[in-house]
Amino acid sequence: MKFLLYLLLALVVVPFQTTLLHYASVFGVRPDLGLVAACLVGFLGGELDGLILGLILGCFQDMLSAGDLWINVVTKGGSGFLAGLAGRHMAHITPAVMTAGLAIISCLSSAVFLYSMNPAGLDEVWLGVRSTVLVQAGLDAALGAGLYLVFRQRWSDDRMVTEGAL
Amino acid sequence: MAISRSTYGTRRLAIVLFACLLIALFLLPSQSQRLLQYVGGPLGQVLSLPLAAFSSVDHGIADIWNGYVALQSVHEENRQLHRDIELLKGQNNQLRESVTAVQRYETLLNFKQQSPSQTLAAQVIGRDATNWYRGMILNKGESDGVKTEMGVVTPAGVVGRVVKTNSTSSVVLLVTDPNNAIAGVVQRTRDEGIVEGTSHGRARLKYIPLLSRVQAGDRVVTSGLTGAFPRGLAIGSLIQVEKSEGDLFQSAEIEPEVDLSKLDEVFIITAPYEDADAAQKLLQTIHGDRKKP
């Protein structure tokens, strides 16, 4: 079941992001669905799940992006892994924590992109931060928190069952 | 018995009066009518009050009937008409879209027939998967003969170049992306430079010689020096020329000719020049344009 869910995510997220998500863009910036999916799976399923799904989604995103082939693989895989670690070491995850965590991870991921663009000076860095990094972090955090709220109950049940089994 | 006799007498009297009236009407028509008119005047006034009352009731009933009871069917008819209007609106939109598509395809066909290059039509199926590159995804890939570094154009001008391909799709880096560079030439002064994208979503012509007299409004076209594009394809128009003291070159901001946010179909240039004759013809056309005042 979990495998099928991950497979579905892997096949749906990136095509949806490239074709339909621009209708939901804010100031021309779209949320990074790959990042959000990898982080949520990491939070809920553990660092290994987050890492693997992040790597797959990153690979797909790199195939459909004009950038270098490594950037999305590294950032999405790393994001999933970081989220998994955070999820494992946090006793109580609230939507506010999830929002802040996703915003931080999104900013870190965007920083890698910004670095890879070789900005000419501080002006360009600031322009990138202002126009893309912060907007995308806000969108990612809002989307991730919303999805977490939707799936929280189910996740709590699963966790209780797991803890009970342990 | 007395009652029946009285009734019989009254009836006879009435019959006699009626006979007299008839005789009077036949024998003295104008005088009898005047008499009737004279008698009828006050009677008419007496009748006018109940008449008005009944009339108002009648109108009220008619209003209620027409305004409420009879409008049941009108309401249904109205709903049906609204449905019909929505349907017709939808059909109208579809027809308009079809007309627009036909016009677009006509333009593309004309361009393909006139273009000296070998081109391959492709549809835009998506945007870049990240927010960091200005790119678009086309529905043609390696299996259709698309390779990296091929130019992508529309009848209006240059769109970008192919930077990634897989078997069924390819990724195009737009001319407005800072990572893109295309050799361009100012059409009026023939000064060459490199067109690069900017962070603000426009393009910039760099390395214009210091002595050049380029000015805002000049058109920039491809120079043909790089393999991806043939000579003379429109890139954009200069909107601001910058010359800083101490710099070795001038630079100018370009407004791209193509509206890159509204692209549906594009052409991938698989070979910049189909044959030498076509290339020569194009060069002659360009030189001819230059000689015109």
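Here is a walk through the contact between chain B and chain A, followed by a look at the aromatic pairs.

Keep in mind that this is a predicted model. Let's start with who takes part: chain A puts 29 residues into the contact, and chain B puts in 19. Putting chain B and chain A together buries about 2,000 Å². Carbon and sulfur atoms account for 58% of that area.

What about the polar side of things? Between chain B and chain A there are zero salt bridges. Polar contacts do turn up, though: 12 residue pairs across the interface of chain B and chain A qualify, with both partners at pLDDT 80 or more. On the side of chain B that touches chain A, the elements giving two or more residues are β1 (118-127), β4 (157-165) and β5 (170-174) of chain B. Of these, β1(B) supplies the largest share, three residues. Sort that side of chain B by class and you get eight nonpolar, eight polar and three charged residues.

Now for the rings. Over all chains, the count is two aromatic pairs. One of them is Phe113(A) with Trp132(B), a stacked pair with 6.1 Å from centre to centre and 5° between the planes. Why does this pair join two chains? Because Phe113(A) sits in helix α5 (residues 95-116) of chain A, while Trp132(B) belongs to the loop between β1 and β2 (135-138) of chain B. Are these two rings' residues buried or exposed? Phe113(A) has a relative accessible area of 2%, so it is buried. Trp132(B) comes in at 9%, so it counts as buried too, the cut-off being under 20%.

The other pair is Tyr207(B) with Phe249(B). Here the ring centres are 5.6 Å apart and the planes stand at 90°; planes over 60 degrees apart count as edge-to-face, so that is the label this pair gets. Where do the partners sit? Tyr207(B) is in strand β8 (residues 203-209) of chain B and Phe249(B) is in strand β11 (residues 249-256) of chain B, so the pair ties together parts 42 residues apart in sequence.

How accessible are they? Tyr207(B) has a relative accessible area of 44%, which means it is partly exposed. Phe249(B), at 40%, is partly exposed as well. To put the two pairs side by side: Phe113(A) and Trp132(B) are buried, whereas Tyr207(B) and Phe249(B) are partly exposed.

Conventions: Residues are numbered from 1 along each chain as its sequence is written. Chains are lettered from A and ligands numbered from 1 in the order in which they are written. This is a predicted model: local features need pLDDT of at least 70, side-chain atom pairs count only at pLDDT 80 or more; totals for chains, interfaces and linings use all residues. Side-chain values use heavy atoms; hydrogens and water are left out. Contact means heavy atoms within 4.5 Å. Buried area is the accessible area (1.4 Å probe) that two parts lose on being put together, summed over both. A salt bridge is a side-chain nitrogen of Lys or Arg within 4 Å of a carboxyl oxygen of Asp or Glu. A polar contact is a pair of N or O atoms within 3.5 Å; within protein, one must be able to donate a hydrogen and the other to accept it, and residues adjacent in sequence count only if both atoms are side-chain atoms. Helices (H or I, at least four residues) and strands (E, at least two) are DSSP runs, numbered from the N terminus. Ala, Val, Leu, Ile, Met, Phe, Trp, Tyr, Cys and Pro count as nonpolar, Asp, Glu, Lys and Arg as charged, and the others, Gly among them, as polar. Rings of Phe, Tyr and Trp (its six-membered ring) pair if their centres lie within 6.5 Å; planes under 30 degrees apart count as stacked, over 60 as edge-to-face and the rest as tilted. Buried means under 20% relative accessible area, exposed over 50%, partly exposed in between (1.4 Å probe, protein chains only).
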